[in-house]
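Hi there,

Here is the structure I promised to pass on. Please have a look at it first, and then read my notes underneath.

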Amino acid sequence: QVQLVESGGGLVQAGGSLRLSCTASGRTFSTYAMGWFRRAPGKEREFVAAITWSTGSSWYLDSMKGRVTISRNSALNTLYLQMNALKPDDTAVYYCALRSSYYSDEFDYWGQGTQVTVSS
């Protein structure tokens with residue numbers, strides 16, 4: 001089993017920045033990639049960004065490119081999401097997720113989420 005714990009959410013004004021963190025524990029040795037997703041009020045969950053654990057290759061939701069950066073610290077088993085120029089539409093619960101298999105697109109483990117609220 002893997003446990004994921006997010007932190008760093010909060011209330012920020014439009015144009016501001018936040019850095020989210022996610023610390024993984026448990027059976028993390030088989031991690032292929034980790035990612036961030038979000039669910040805004042009344043909307044479906046959507047992908048934000050992901051990174052392969054070994055190589056650091058990353059990919060992003062098109063609408064967030066240039067405003068967010070995903071990174072990881074393998075030694076600390078910690079994933080980060082730096083978000084800049086935040087907009088009210090970025091208000092959502094942000095979830096950290098872990099994908100253990102290269103052969104499956106499915107993210108197997110999920111954190112509880114951290115609330116990000118952007119005021120106008």
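Below is what I found, starting with the aromatic rings and ending with one threonine.

Please keep in mind that this is a predicted model. Searching the whole structure turns up six aromatic pairs. One of them joins Phe37 and Phe47 in an edge-to-face arrangement, with 5.6 Å from centre to centre and 75° between the planes. This pair links distant parts of the chain, since Phe37 belongs to strand S4 (residues 33–39) and Phe47 to strand S5 (residues 45–52), ten residues apart.

How accessible are the two partners? Phe37 has a relative accessible area of 10% and is therefore buried, the cut-off being under 20%. Phe47, at 22%, is partly exposed.

The two rings also have company: Phe37, Phe47, Phe107 and Trp110 make up one aromatic cluster. Arg45 is worth a look here as well. Its charged end sits over the ring of Phe37, 5.8 Å from the centre, and the charged end of Arg45 also sits over the ring of Trp110, 3.9 Å from the centre of that ring.

The other spot I would point you to is Thr114, which is found in strand S11 (residues 114–119). Thr114 counts as buried because its relative accessibility is 10%. A polar atom of the Thr114 side chain lies 3.2 Å from the backbone nitrogen of Gly9. Leaving aside residues up to four places away in sequence, Thr114 touches Glu6, Ser7, Gly8, Gly9, Leu20, Ala92, Val93 and Tyr94.

Happy browsing, and best wishes!

Note on methods:
Residues numbered from 1 in each chain as written. Predicted model: local features only at pLDDT ≥ 70, side-chain atom pairs only at ≥ 80, totals over all residues. Heavy atoms only, no water. Phe/Tyr/Trp six-rings, centres within 6.5 Å; stacked < 30°, edge-to-face > 60°. Helix = DSSP H or I, 4+ residues; strand = E, 2+ residues; numbered from the N terminus. Buried < 20%, exposed > 50% of the residue type's maximum accessible area, 1.4 Å probe, protein only. Lys NZ or Arg CZ within 6 Å of the ring centre and 35° of its normal. Polar contact = N/O pair within 3.5 Å; in protein donor to acceptor, adjacent residues only side chain to side chain. Contact = heavy atoms within 4.5 Å.
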